[in-house]
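Please look over the sequence and the structure shown here before reading on. The explanation below is meant to be followed with both in view.

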Amino acid sequence: MRLLHPIFLILFLLVGACTTYPDLQQQRMAALPQHYKQFDVLMGYEVLPAGGHTVVQGVVKNVRYFRMRNLEIWAAQLDDRGKVRAQGMTFIMPSELGLDESTDFSIKIPAPLAAGDRLRITYKYFGTDGGSHGLGDGTNWMQNFETIIPAR
């Protein structure tokens with residue numbers, strides 16, 4: 001019986017070590033006011049005025065590819081005819097985002113955006129499902145979506 005007590009104590013400690021911690025990026029994404037969902041990425045973001053320019057900041061998550069490399073995100077203010085007035089972009093670091101990994105992004109647009117303005121967000125990357133270590137086989141992908149700046 002005395003031998004069982006240390007064994008149960010060790011098992012209890014090992015099982016306790018397997019507990020998970022909350023995913024802070026996932027919590028942050030859920031708290032952001034605007035969201036985009038597609039087959040390859042999930043994105044949560046907000047559009048903030050910042051002293052004569054605008055900042056689009058948020059979280060992007062790879063939900064499709066084993067590896068997503070060289071991800072870049074563009075944000076453009078559009079006029080009434082869909083022409084670009086002002087735009088900004090960012091390269092996502094780290095340059096390789098694994099499946100179910102997420103990271104922050106921040107884009108500065110050198111113009112103030114107001115409620116009701118149109119915003120086009122474009123993202124581009126090279127996705128691979130493994131294979132030749134991602135050196136040849138894969139997909140070059142670009143996608144965009146438009147949204148209206150909500151009233152604060």
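The paragraphs that follow go from the overall fold to the pairing of strands, and then to a few charged side chains.

This is a predicted model, and every value quoted below should be read with that in mind. The protein has 2 helices and 9 strands, and read along the sequence these elements follow the pattern α-α-β-β-β-β-β-β-β-β-β, with the two helices ahead of the strands. Of the 152 residues in the protein, 39% are buried. The accessible surface comes to about 9400 Å², and 59% of this surface belongs to carbon and sulfur atoms. Among contacts between residues at least 6 apart in sequence, 61% join residues at least 24 apart.

Strand 4, which spans residues 67–78, is a convenient place to begin tracing the strands. Which strands pair with strand 4? With strand 8 (residues 118–128), strand 4 pairs in the antiparallel sense over 10 bridges, and within this pairing Ala76 stands opposite Arg120. With strand 5 (residues 84–91), strand 4 is joined by 7 bridges, again in an antiparallel arrangement, and here Glu72 stands opposite Phe91. With strand 6 (residues 96–98), strand 4 pairs in the antiparallel sense over 3 bridges, and Arg67 is found opposite Gly98. As a general point, the side chains of a regular strand alternate between the two faces of the sheet.

The connection between strand 4 and strand 5 deserves a closer look, since these two strands form a hairpin with 5 residues between them, and Gly82 in the turn has a positive phi of about 90 degrees. Asp79 also lies in the loop between strand 4 and strand 5. Is Asp79 buried or exposed? At 13% relative accessibility, Asp79 falls under the 20% cut-off and therefore counts as buried. A polar atom of the Asp79 side chain lies 3.0 Å from the backbone nitrogen of Gly82, which ties the two turn residues to one another in the description of this loop. Leaving out residues up to four places away in sequence, Asp79 touches Arg85 and Arg118.

Side chains of opposite charge can pair when their charged atoms come close. A search of the whole structure finds 6 salt bridges, and three of them are described here, beginning with the one in which the side chains of Asp104 and Arg28 meet at 2.7 Å, N to O. This pair links distant parts of the chain, with Asp104 in strand 7 (residues 102–109) and Arg28 in helix 2 (residues 24–31), 76 residues apart. Asp104 is partly exposed, with a relative accessible area of 41%, and Arg28, at 29%, also counts as partly exposed.

In another salt bridge, the side chains of Glu146 and Arg118 meet at 3.0 Å, N to O. Here too distant parts of the chain are linked, Glu146 being in strand 9 and Arg118 in strand 8, 28 residues apart. Glu146 has a relative accessible area of 40% and is partly exposed, while Arg118, at 24%, is likewise partly exposed. Salt bridges that share partners join Arg118, Arg120 and Glu146 into one network.

The remaining example brings together the side chains of Asp129 and Arg64, which meet in a salt bridge of 2.9 Å, N to O. Asp129 is in the loop between strand 8 and strand 9 (139–148), whereas Arg64 is in the loop between strand 3 (53–62) and strand 4, so that the pair, 65 residues apart, links distant parts of the chain. Arg64 counts as partly exposed, at 33% relative accessibility.

Arg64 also enters the account of Asp40, a residue in the loop between strand 1 (34–37) and strand 2 (41–50). How far from Asp40 is the nearest side chain of opposite charge? Asp40 is buried yet has no salt bridge, and Arg64, the nearest side chain of opposite charge, is 7.9 Å away. Because a salt bridge requires the nitrogen and the carboxyl oxygen to be within 4 Å, that separation leaves Asp40 unpaired in this sense. The side chain of Asp40 does, however, make a polar contact of 2.9 Å with the side chain of Tyr123. Leaving aside neighbours within four places in sequence, the residues in contact with Asp40 include Lys61, Asn62, Val63, Met68, Tyr125 and Trp141, as well as Arg64 and Tyr123.

How values were computed
Residues numbered from 1 in each chain as written. Predicted model: local features only at pLDDT ≥ 70, side-chain atom pairs only at ≥ 80, totals over all residues. Heavy atoms only, no water. Helix = DSSP H or I, 4+ residues; strand = E, 2+ residues; numbered from the N terminus. Buried < 20%, exposed > 50% of the residue type's maximum accessible area, 1.4 Å probe, protein only. Lys, Arg positive; Asp, Glu negative; His and termini not counted. Polar contact = N/O pair within 3.5 Å; in protein donor to acceptor, adjacent residues only side chain to side chain. Contact = heavy atoms within 4.5 Å. Pairing = 2+ DSSP bridges. Areas by Shrake-Rupley, 256 points an atom, 1.4 Å probe, with all protein chains shown as cover.
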